[in-house]
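Trainee: Could you take me through one part of this model in close detail? I would like to follow a single residue outward into its surroundings.

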Amino acid sequence: MKKRVVVTGLGILSPLGIGIDNNWDAICQGKSGVGLISKFNTADFPVKIAGEVKGFDPENFIGHKEVKKMDIFIHYAVACGQMALQDSGVVINEQNAERVGVMVGVGLGGLPAIEKYHDVLKERGVRKITPFFIPMLIANLASGQISILTGAKGPNSCVVTACATGTHAIGDATRLIQYGDADVMIAGGTES
């Protein structure tokens with residue numbers, strides 16, 4: 001018989017804000033997270049609006065040295081994973097670490113890192129490409145970094161199913177708990 005699975009903690013970064021309370025308040029006030037694009041020059045683009053996460057500082061969740069080794073989609077995933085763990089009250093320790101897993105989905109992964117280091121290659125040459133380039137951009141490093149930074153040693157995987165990826169990851173994490181492969185899963189989706 002399959003185990004019953006419940007969601008015990010939430011973490012969110014969205015164009016409406018950082019954290020559950022900020023997002024819920026914005027929703028209740030009918031605010032929109034869509035505005036003028038600020039992260040790149042839109043002069044040559046017909047569309048100049050988007051939903052962007054604003055005011056996010058990855059160093060509130062990740063050490064300065066480690067931030068530089070990750071693309072922003074990983075920053076988002078790690079922050080949300082930490083928020084969800086804190087909200088749930090789950091503490092990962094030596095006794096339960098192997099029963100706590102991570103399943104985080106990604107649509108594209110490190111596209112900003114690919115763009116940045118393509119420019120670095122063209123302008124400054126191959127020797128200026130960081131050795132962390134590949135770990136910055138591969139999709140499964142969102143779940144991998146959450147595991148590394150939280151100490152979760154259970155099942156760890158990444159779902160890549162476009163816009164359905166977060167829901168798909170939560171469903172797969174649910175099945176891992178239902179069938180006894182894990183007791184706790186940190187699950188969701190990330191993109192930048």
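Trainee: Which residues does T165 touch, not counting residues up to four places away in sequence?

Mentor: Happy to look at that with you, and please keep in mind that this is a predicted model. Leaving out residues up to four places away in sequence, T165 touches G105, V106, G107, V159 and V160. One of these neighbours also takes part in a polar contact: the side chain of T165 reaches the backbone nitrogen of V106 at 3.2 Å. T165 counts as buried because its relative accessibility is 6%, and the cut-off for buried is under 20%.

Now let us see where this residue sits. T165 belongs to helix α7, which covers residues 165-178. The strand to look at next is β5, made of residues 100-106. Strand β5 is part of an open sheet of 3 strands, ordered β6-β5-β7 and paired in parallel. At the edges are β6 (156-157) and β7 (184-190), each of which pairs on one side only. Between β5 and β7 the parallel pairing runs over 7 bridges. If you want one bridge to find on screen, go to V100, whose partner in β7 is V184. Helix α7 itself packs on the sheet, where it touches β5 and β7. The direction of α7 makes about 170° with that of β7. Another helix to trace here is α6 (residues 141-150), which lies across β5, β6 and β7. Helix α6 runs at about 150° to β5.

For a second buried residue, turn to S14 in strand β1 (residues 13-14). S14 is buried because its relative accessible area is 13%, again under the 20% cut-off. Not counting residues up to four places away in sequence, S14 touches N23 and V53. With N23 there is a polar contact between the two side chains, at 2.3 Å.

Finally, spend a moment on helix α3, residues 72-88. Its 17 residues should span 24 Å at 1.5 Å a residue, and the end C-alpha atoms are 24 Å apart, so the two values agree. Helix α3 is mostly covered, with 12 of its 17 residues buried. Among the buried residues are F73, H75, Y76, C80 and M83. After α3 comes G89, which has a positive phi near 85°.

Key. Residues are numbered from 1 along each chain as its sequence is written. This is a predicted model: local features need pLDDT of at least 70, side-chain atom pairs count only at pLDDT 80 or more; totals for chains, interfaces and linings use all residues. Side-chain values use heavy atoms; hydrogens and water are left out. Helices (H or I, at least four residues) and strands (E, at least two) are DSSP runs, numbered from the N terminus. Buried means under 20% relative accessible area, exposed over 50%, partly exposed in between (1.4 Å probe, protein chains only). A polar contact is a pair of N or O atoms within 3.5 Å; within protein, one must be able to donate a hydrogen and the other to accept it, and residues adjacent in sequence count only if both atoms are side-chain atoms. Contact means heavy atoms within 4.5 Å. Two strands pair if DSSP finds at least two bridges between them. Axes are lines fitted to C-alpha atoms, for helices over the stretch in contact, and angles run from 0 to 180 degrees between N-to-C directions. The expected span of a helix is 1.5 Å times one less than its number of residues.
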